[in-house]
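Colleague: I would like to go through the labels one by one. Please set each value against its cut-off.

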Amino acid sequence: MMQDGAHDDHGHGLADDLAQMRKLAGEAIGRRRTLRLLFSAGSAALITACGGGGSDSDTDTSTATPTPTPTPTPTPTPTPTSSSCIADPEETNGPYPADGSNSSNGSVVNVLDDTGIVRTDIRSSFGSSSGTAEGIYMQLTITVVNVNGSCAPLEGYAVYIWHCTRDGLYSLYTVPGENYLRGVGVTDANGQVTFTSIFPGCYDGRFPHIHFEVYPSLAKATSYANRVLTSQFAMPTAACNTVYATSGYSSSKTNFAKITTSSDNVFGDNTSAQVAAMTPTMTGDTTNGFTGTVTVGIAI
């Protein structure tokens, strides 16, 4: 006896058998596809866990060598030096310094301890003398700096200057009754001191110049023994040619034509850099006068 429903598995024709076979084959194929999908999903999860995936997943990063980023070389901060200023050379104070180092007519001449020597305008005599030196107006600003301290200005230093008349003469010596064209000034916070005078003449055998001495303080500026520098300024050639073409400087024109800084017995043994530093920068004309600036370097 057959169980109920047995006739559903058997007794059908070929068409039914083929349909049943296709059904069984489809289920097998579906199972294989499912397994592939499961395998693929597991593999993707494994790759993701190991750091793969993404558009760059085919790139082998395990052997890539990173390119080092160059370290920029820092620009060094400039260290201040004394290259922008040089030490003025020591020079003779000459035969007419009036700083207590020599005598005139048998007596020591020292104008530094006289009341009235500290002044800005040195064109006129002071004290018991009353003369005024004639000549073309000149104003000179001197800046005193420390060449061993990054060219820092030196405040409170005393500067004593003196020079000849337009005829090449010196007060207290070849003009014994006068003390003009001599004066002392004290540097300010900028290391500067300014004098008003006349443009010096040129006498035979010397290039036109201005003498000066530097002292560490006004209190010390009473005798040459306390000076820290004695030197000279060389007058600029262009200004000399202009000034000496005027009638009041006729003798200077003749003398100047025979001398240069190279042939001068003071400036001749200095380097070109030293001579340049010792020469004031000067502008002006014979009508309005001349204005100049110069820097004095001291090694302290």
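**Labels and cut-offs**

Colleague: Why is R166 called partly exposed?

Modeller: Its relative accessible area is 22%. Buried means under 20%, exposed over 50%, and partly exposed in between (1.4 Å probe, protein chains only). So R166, at 22%, is partly exposed. This is a predicted model, where local features need pLDDT of at least 70, side-chain atom pairs count only at pLDDT 80 or more, and totals for chains, interfaces and linings use all residues. Residues are numbered from 1 along each chain as its sequence is written, and side-chain values use heavy atoms, without hydrogens and water.

Colleague: What makes E134 and R166 a salt bridge?

Modeller: Their closest N and O atoms are 2.8 Å apart. The rule asks for a side-chain nitrogen of Lys or Arg within 4 Å of a carboxyl oxygen of Asp or Glu. The pair therefore passes. E134 has 53% relative accessibility, so E134 counts as exposed.

Colleague: Where do E134 and R166 lie?

Modeller: E134 is in the loop between β2 and β3, and R166 in the loop between β5 and β6. They are 32 residues apart. Helices (H or I, at least four residues) and strands (E, at least two) are DSSP runs, numbered from the N terminus.

Colleague: How do you know that D99, E213 and R227 are linked in a network?

Modeller: R227 meets D99 at 3.7 Å, N to O. The side chains of E213 and R227 meet at 3.2 Å. Both pairs are salt bridges, and together the three residues form a network. E213 and D99 are each buried, at 0%. R227 has 28% relative accessibility, so R227 counts as partly exposed. The full count is 6 salt bridges.

Colleague: What makes D88 a residue with no salt bridge?

Modeller: The nearest side chain of opposite charge is R206, 13 Å away. Lys and Arg count as positive, Asp and Glu as negative; His and the chain ends are not counted. D88 is buried all the same. Beyond its neighbours within four places in sequence, D88 is in contact (heavy atoms within 4.5 Å) with residues including F212, L229 and V296.

Colleague: How do you know that C85 and C151 form a disulfide?

Modeller: Their S to S distance is 2.0 Å. A disulfide is a pair of cysteine sulfur atoms within 2.5 Å, so the pair passes. The torsion about the S-S bond is about -95°, so the disulfide is left-handed. C85 and C151 lie in different loops, so the pair ties together parts that are 66 residues apart in sequence.

Colleague: Why is C202 in no disulfide?

Modeller: The nearest cysteine sulfur, that of C240, is 7.2 Å away. That fails the cut-off, so no disulfide is called. C202 has 1% relative accessibility and therefore counts as buried.

Colleague: Why is strand β8 called mostly covered?

Modeller: Of its 7 residues, 7 are buried. On one side are H209, H211, E213 and Y215; on the other are I210, F212 and V214.

Colleague: What makes β8 and β9 a pair?

Modeller: DSSP must find at least two bridges between two strands. β8 and β9 have 6, in the antiparallel sense. H209 stands opposite A234 in β9. β5 joins β8 through 5 bridges, also antiparallel.
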